[in-house]
Amino acid sequence: MQQQTSFQAYSPQQAQPGVQKTSGGKIRIGHRRTQRQTRLFFAAAAVLFLVCLSLLDLSWEQFRSGIAGLPDIMSKVMTISFHAFPALLDGMVTSLIIAFLTVVISVVISILLAFLIAENITPFKWAGRALRVVLLVIRTVPTTIWVLLAVASMGFGSMAGVLGLIFPTSSYLIKSFAAQIEESGDDNIEAMRAVGASWLQIVFKGLLPNLLLSFLAIISFRFEMEVAETVMLGMVGAGGIGVLLQDYISYYEFADLAMGIIIVFVTIFAVELISNRVRSRLARR
Amino acid sequence: MSQVVTPHIQQRQKKAKHMVSLALLAGALAFSIWYVKFDLIEFISGIPLFLNFLFTDFLPPNFANMDSYLRPVLDTLIFAVVGTFISSALGLVIAFLMARNTAPHPAVRIVLRGIVSFVRNVPFLVWASLLVVIFGVGAMPGLFSLLVFGTCFLARVYAESIEELDKEATEALEASGATYGQIIKHAIIPQFMPGYFSWTLFMFEINIRASAILGLVGAGGIGSNLKQSLDLFQYSRASMIIVILIVLILAVEFLTQRIRERIL
């Protein structure tokens with residue numbers, strides 16, 4: 001294909017043991033091992049995919065009837081109605097408030113526990129380690145399942161939402177805060193220990209003031225996630241806009257549903273924008 | 001004179017700012033508590049009830065009929081694998097059309113960006129539940145919602161990592177007269193590979209969690225068994241499912257971590 005350069009034409013093959021020539025006369029430039037691993041990865045993925053696809057029982061009939069019903073649903077969705085607007089707005093505000101309350105309560109819990117877990121400041125090493133394992137388990141259970149459990153114990157409503165969300169949120173915040181504390185270095189702690197500061201003094205006078213900004217960045221990121229989460233949670237009965245969305249979906253009120261989806265989209269988009277702004281401003285300080 | 005005063009005033013201003021933001025926070029809290037009629041006493045008394053519920057009603061998990069969980073677990077894994085595979089392929093195509101340095105035309109980029117951001121910003125359980133209405137209960141809506149959400153998520157993160165690549169290689173190839181396809185193949189893809197692997201593996205982890213949740217709105221997988229057993233108050237069965245889920249997620253995380261270490 002490509003014309004051989006004079007360098008290629010005249011260079012003797014033995015002089016360059018690192019460069020392999022393929023039959024096409026091109027010089028291979030890729031890294032051998034990387035290429036092999038890439039191929040292996042894709043081959044394994046393809047085999048896995050085909051095996052899984054054969055195990056999946058999808059019925060063509062179901063697909064066709066679903067597609068056939070699609071134009072009807074789409075035309076209903078397109079007639080967006082403002083009829084449910086006040087109710088949806090109320091639901092969205094409730095969702096936002098659930099997210100806000102959860103984050104506030106979780107921050108209070110997490111700031112206390114993060115200092116217990118961070119390796120460089122923890123007063124009891126074994127307690128920190130034990131707590132780490134508990135947090136890992138809490139974090140592994142999906143958020144929605146936590147809320148489902150809270151709903152099963154407290155009944156439907158926004159309080160169950162807050163209670164269910166506190167567990168995964170706190171566990172996330174504790175982990176991130178602890179990572180920040182550990183990253184902030186031991187110099188401060190050592191210096192304060194040397195002058196005889198107590199544990200509380202080290203935490204509140206030495207570490208917290210410096211860490212406040214990075215904590216705020218983490219909190220704003222988590223709040224962003226939390227809002228999306230609260231919308232989903234409503235769908236399992238924990239209050240907020242999700243309850244309405246689930247109702248509209250199950251009663252086939254697609255015009256109201258379209259309005260709800262738009263409100264959710266605008267809100268989450270706005271929250272994301274604001275939290276990005278906050279974080280970039282915090283980073284500049 | 002002014003040099004002496006300024007820090008003092010600055011400090012005061014800073015203090016005032018702090019006070020204002022604290023007051024705003026307190027105001028927002030008060031408004032929130034009033035708006036959702038949040039009963040603090042009931043809430044605090046609910047916590048021990050909840051823990052009691054967790055530890056007495058839920059634990060210990062019921063280890064009987066383990067093989068009845070096998071099929072849902074397998075389904076969940078299958079969803080995640082198929083969903084990740086297809087959405088990584090679709091996401092890749094969309095990402096190339098969407099990233100600033102590889103988009104063929106700005107209009108394509110803007111339209112795709114709009115669609116992707118719309119789908120991504122509406123929580124995926126909403127899409128799942130809508131697809132359940134369209135296709136009926138079963139595996140199909142679950143798989144489709146994973147596909148829709150996964151494709152949009154991956155398209156965005158792929159596009160971001162493509163935009164972050166160095167321009168030198170692209171420029172060098174452009175200068176030597178390479179076509180669009182050649183630039184993609186020789187300049188973009190080799191650099192983008194690590195990002196592609198790590199995001200795809202991350203998507204697989206997300207998909208495992210997501211397909212566990214999907215069942216809650218009737219879209220198949222292990223979540224539907226969980227919902228069923230909670231609705232029937234079979235709490236020990238539900239806790240067994242949660243235990244299985246924890247093991248499954250941790251195993252997958254461990255596995256992807258190992259693959260990541262090998263490949264990157």
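**Exercise 1. Find which residues form one aromatic cluster with F41(A).**

Solution. Start with the ring rule: rings of Phe, Tyr and Trp (its six-membered ring) pair if their centres lie within 6.5 Å. Now collect the members: F41(A) and F42(A) come from chain A, and they join F96(B), Y158(B), F192(B), Y196(B) and F197(B) in one cluster.

Before you go on, note that this is a predicted model, where local features need pLDDT of at least 70, side-chain atom pairs count only at pLDDT 80 or more, and totals for chains, interfaces and linings use all residues. Residues are numbered from 1 along each chain as its sequence is written, chains are lettered from A and ligands numbered from 1 in the order in which they are written, and side-chain values use heavy atoms, with hydrogens and water left out.

**Exercise 2. Work out whether the pair F49(A) and F85(B) is stacked or edge-to-face.**

Solution. Step one: recall the angles, with planes under 30 degrees apart counting as stacked, over 60 as edge-to-face and the rest as tilted. Step two: the ring centres of F49(A) and F85(B) are 4.1 Å apart and the planes sit at 10°, so this pair is stacked. Step three: place the rings, F49(A) in helix 2 of chain A and F85(B) in helix 3 (residues 70–98) of chain B, so you're looking at a pair that crosses between chains. (Helices are DSSP runs of H or I, at least four residues, numbered from the N terminus.)

Step four: check accessibility. F49(A) has a relative accessible area of 12% and is buried, while F85(B), at 28%, is partly exposed. The cut-offs are under 20% for buried, over 50% for exposed and partly exposed in between, using a 1.4 Å probe and protein chains only.

**Exercise 3. Classify the ring pair F135(B) and F144(B).**

Solution. Take the distance, then the angle: the centres are 5.2 Å apart and the planes are at 80°, so you've got an edge-to-face pair. F135(B) is buried, at 8% relative accessible area. Over all chains, the whole structure holds 21 aromatic pairs.

**Exercise 4. Describe how chain A and chain B meet.**

Solution. First, contacts (heavy atoms within 4.5 Å): 67 residues of chain A touch 68 residues of chain B. Next, look for a salt bridge, meaning a side-chain nitrogen of Lys or Arg within 4 Å of a carboxyl oxygen of Asp or Glu. The count between the chains is one, and R120(B) meets E272(A) in a salt bridge at 4.0 Å, N to O. Finally, helix 2 (residues 32–55) gives the most to chain A's side, with 11 residues.

Technical notes:
Helix = DSSP H or I, 4+ residues; strand = E, 2+ residues; numbered from the N terminus.
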